Amino acid sequence: MEGPLEVLSQVTRALEEYGVTYVVVGSFASSMRGLYRTTADIDIVADIRPEHVRPLVTALQEKFYVDEQAVRRAVTRHGSFNAIHFDAVFKVDVFVARDDEFGRQQLARRRAEKITPEAAQEFYVATAEDTILAKLLWYRSGGEVSRVQWADMLGVIGTQGVALDVEYLREWADRLGVQDLLEKLLAEAGPV
């Protein structure tokens with residue numbers, strides 16, 4: 001049975017084949033940038049356009065359950081859809097990139113990396129700073145109650161330490177309306 005990395009590889013190869021810019025985000029990205037934790041899915045932000053829908057669905061449908069109408073709705077509304085691997089029963093949530101400043105920033109700053117040293121393929125992963133900012137947005141929209149999201153962000157800060165671009169974080173947190181949460185997070189994390 002294929003594991004999460006092989007499932008991710010299949011999705012990202014299909015995206016790359018059709019020239020779709022993507023970035024791995026969410027808990028998978030925060031695990032790479034901070035403290036590892038298991039997750040039931042992988043989140044990707046992808047700049048999928050209407051002309052990508054049919055070829056992408058065709059490329060994935062042999063190994064994944066993916067609903068073409070759900071993909072079309074996600075593209076139209078800048079929403080999300082999922083691709084569920086038949087054998088691994090593992091889910092990839094694909095969020096269609098929003099056409100806003102932060103959405104473009106995430107895609108522009110992504111980094112190609114090998115997820116494990118022995119991996120043959122590189123994946124585009126969100127930077128530590130953009131991972132924190134995106135999680136701050138999710139934390140705020142979720143009512144500021146998720147201890148898991150908060151712990152993910154603390155883990156990224158603790159692991160990255162002085163490598164974090166705190167000036168960038170503060171600038172974008174202010175633009176995104178989460179400056180108060182960032183300052184609370186930084187205070188709890190201690191000196192960076």
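These legends describe close-up views of a predicted model.

**Figure 1. The whole chain, with 9 helices and 7 strands.** The radius of gyration is 17 Å, close to the 16 Å that the globule rule gives for 192 residues, so the chain is as compact as a globular protein of that length. Along its principal axes, the C-alpha trace spans about 50 × 35 × 30 Å. Buried residues make up 47% of the 192 residues. Among contacts with a separation of 6 or more, 63% join residues 24 or more positions apart. The exposed area of the chain is about 9,700 Å². Carbon and sulfur atoms supply 50% of that area.

**Figure 2. Helix H1, residues 4-17, and the glycine that follows.** H1 has 14 residues. From first C-alpha to last, H1 reaches 20 Å, close to the 20 Å expected at 1.5 Å a residue. The buried residues of H1 begin with Val 7, Leu 8, Ser 9 and Gln 10. Val 11, Thr 12, Ala 14 and Leu 15 are buried as well. Gly 19 comes after H1 and has a positive phi, near 70°.

**Figure 3. Val 24 in strand S1, residues 22-25.** Val 24 is buried because its relative accessibility is 0%, and the cut-off for buried is under 20%. Its contacts, leaving aside neighbours within four places in sequence, include Leu 8, one of the buried residues of H1. Val 24 also touches Ala 29. Further contacts of Val 24 are Ile 42, Asp 43 and Ile 44, which lie within the span of strand S2 (residues 41-46). Tyr 124, Val 125 and Ala 126 complete the list for Val 24. Ala 14, another buried residue of H1, is 10 residues from Val 24 along the chain. The C-alpha atoms of Ala 14 and Val 24 are separated by 14 Å.

**Figure 4. Asp 41 in strand S2, residues 41-46.** Asp 41 has a relative accessible area of 17%, so it counts as buried. Not counting residues up to four places away in sequence, Asp 41 touches Phe 90, Lys 91 and Asp 93. Of these contacts, Lys 91 and Asp 93 fall within the span of strand S5 (91-96).

**Figure 5. Two loop residues with positive phi, His 78 and Val 89.** Most residues other than glycine have a negative phi. His 78 is not a glycine, yet its phi is positive, about 55°. His 78 sits in the loop between helix H4 (68-77) and strand S4 (80-85). With a relative accessible area of 33%, His 78 is partly exposed. Val 89 is not a glycine either, and its phi is positive, about 50°. Val 89 lies in the loop between S4 and strand S5 (91-96). Val 89 counts as exposed because its relative accessibility is 64%, and the cut-off for exposed is over 50%.

**Figure 6. The contact of helix H8, residues 166-176, with helix H9, residues 179-189.** The two helix axes come within 8 Å. They cross at roughly 145°. H8 contributes Val 166, Leu 169, Arg 170, Ala 173 and Asp 174. H9 contributes Gln 179, Leu 182, Glu 183 and Leu 186. By class, this contact has 5 nonpolar, 1 polar and 3 charged residues. In an α-helix, residues three or four places apart point the same way, because there are 3.6 residues a turn.

Terms used:
Residues are numbered from 1 along each chain as its sequence is written. This is a predicted model: local features need pLDDT of at least 70, side-chain atom pairs count only at pLDDT 80 or more; totals for chains, interfaces and linings use all residues. Side-chain values use heavy atoms; hydrogens and water are left out. Axes are lines fitted to C-alpha atoms, for helices over the stretch in contact, and angles run from 0 to 180 degrees between N-to-C directions. Helices (H or I, at least four residues) and strands (E, at least two) are DSSP runs, numbered from the N terminus. Contact means heavy atoms within 4.5 Å. Ala, Val, Leu, Ile, Met, Phe, Trp, Tyr, Cys and Pro count as nonpolar, Asp, Glu, Lys and Arg as charged, and the others, Gly among them, as polar. Buried means under 20% relative accessible area, exposed over 50%, partly exposed in between (1.4 Å probe, protein chains only). The radius of gyration is taken over C-alpha atoms; the globule rule is 2.2 Å times the number of residues to the power 0.38. Accessible areas come from the Shrake-Rupley method with a 1.4 Å probe; for residues, only the protein chains shown count as cover. The expected span of a helix is 1.5 Å times one less than its number of residues.
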